[in-house]
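Got the viewer open and a selection box ready? Then let's take a walk through this one, stop by stop.

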Amino acid sequence: MHLCDQEKKEYISCLKTSGHKSEICRHLSKKYLECRMEKNLMAKQDMSELGFRTDDKSQESNMKIQNEMQG
């Protein structure tokens, strides 16, 4: 398995189950990008430069929606 493959698979799976509504999978997108930066697979950037906010409350609601769709 390659670096960050698990995070990528989780994100892609979320996109498929959500009907490609990326806002629902935003937390997984962030997790994947953070993994890539930690493993030096991409340049390190502040997450705010990539469109994420540190106080992103929508992440909680997106996770809730995703859990409802899966269960």
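Start by selecting Leu15 and turning on its surroundings. Leaving aside residues up to four places away in sequence, Leu15 touches His20, Lys21, Ser22 and Cys25. Keep in mind as you click around that this is a predicted model.

Now widen the selection. Leu15 belongs to the largest nonpolar core, a group of six residues: add Tyr11, Cys14, Ile24, Cys25 and Leu28 to see it whole. Which helix gives the most to this core? Colour helix 1, residues 5-17, and you have it: three of the core residues come from there. Cys25 is worth a second look, since Cys25 is both a member of that core and one of the residues Leu15 touches.

Next stop, helix 2, residues 26-38. Draw a distance between its first and last C-alpha: helix 2 has 13 residues and reaches 18 Å, close to the 18 Å expected at 1.5 Å a residue. Then select the buried residues in helix 2, which are His27, Leu28, Ser29, Lys30, Tyr32, Leu33, Cys35 and Met37. You've met Leu28 already, in the largest nonpolar core.

Zoom in on Ser29 from that set. Is Ser29 buried or exposed? Its relative accessible area is 16%, so with the cut-off for buried at under 20%, Ser29 counts as buried. What does Ser29 touch, beyond residues up to four places away in sequence? Show Tyr11 and Phe52, and you have both contacts. Tyr11 is another familiar face from the core.

Time for some backbone oddities. Go to Cys4, in the segment before helix 1. Cys4 is not a glycine, yet its phi is positive, about 65°. Cys4 is also buried, at 6% relative accessibility.

Now jump to Asn40, just after helix 2, in the loop between helix 2 and helix 3 (58-70). Here too phi is positive in a residue other than glycine, near 60°. Unlike the buried Cys4, Asn40 is exposed, with a relative accessible area of 60%.

Finally, zoom out and switch to cartoon. The protein chain has three helices and zero strands, and reads α-α-α along the sequence. Of its 71 residues, 31% are buried. Put a surface on: the chain exposes about 5200 Å², with carbon and sulfur atoms supplying 48% of that. And if you plot a contact map, take the contacts between residues at least 6 apart in sequence: 47% of them join residues at least 24 apart.

Key: Residues are numbered from 1 along each chain as its sequence is written. This is a predicted model: local features need pLDDT of at least 70, side-chain atom pairs count only at pLDDT 80 or more; totals for chains, interfaces and linings use all residues. Side-chain values use heavy atoms; hydrogens and water are left out. A nonpolar core is a set of buried Ala, Val, Leu, Ile, Met, Phe, Trp, Tyr and Cys residues joined through side-chain atoms within 4.5 Å. Buried means under 20% relative accessible area, exposed over 50%, partly exposed in between (1.4 Å probe, protein chains only). Helices (H or I, at least four residues) and strands (E, at least two) are DSSP runs, numbered from the N terminus. Contact means heavy atoms within 4.5 Å. Accessible areas come from the Shrake-Rupley method with a 1.4 Å probe; for residues, only the protein chains shown count as cover. The expected span of a helix is 1.5 Å times one less than its number of residues.
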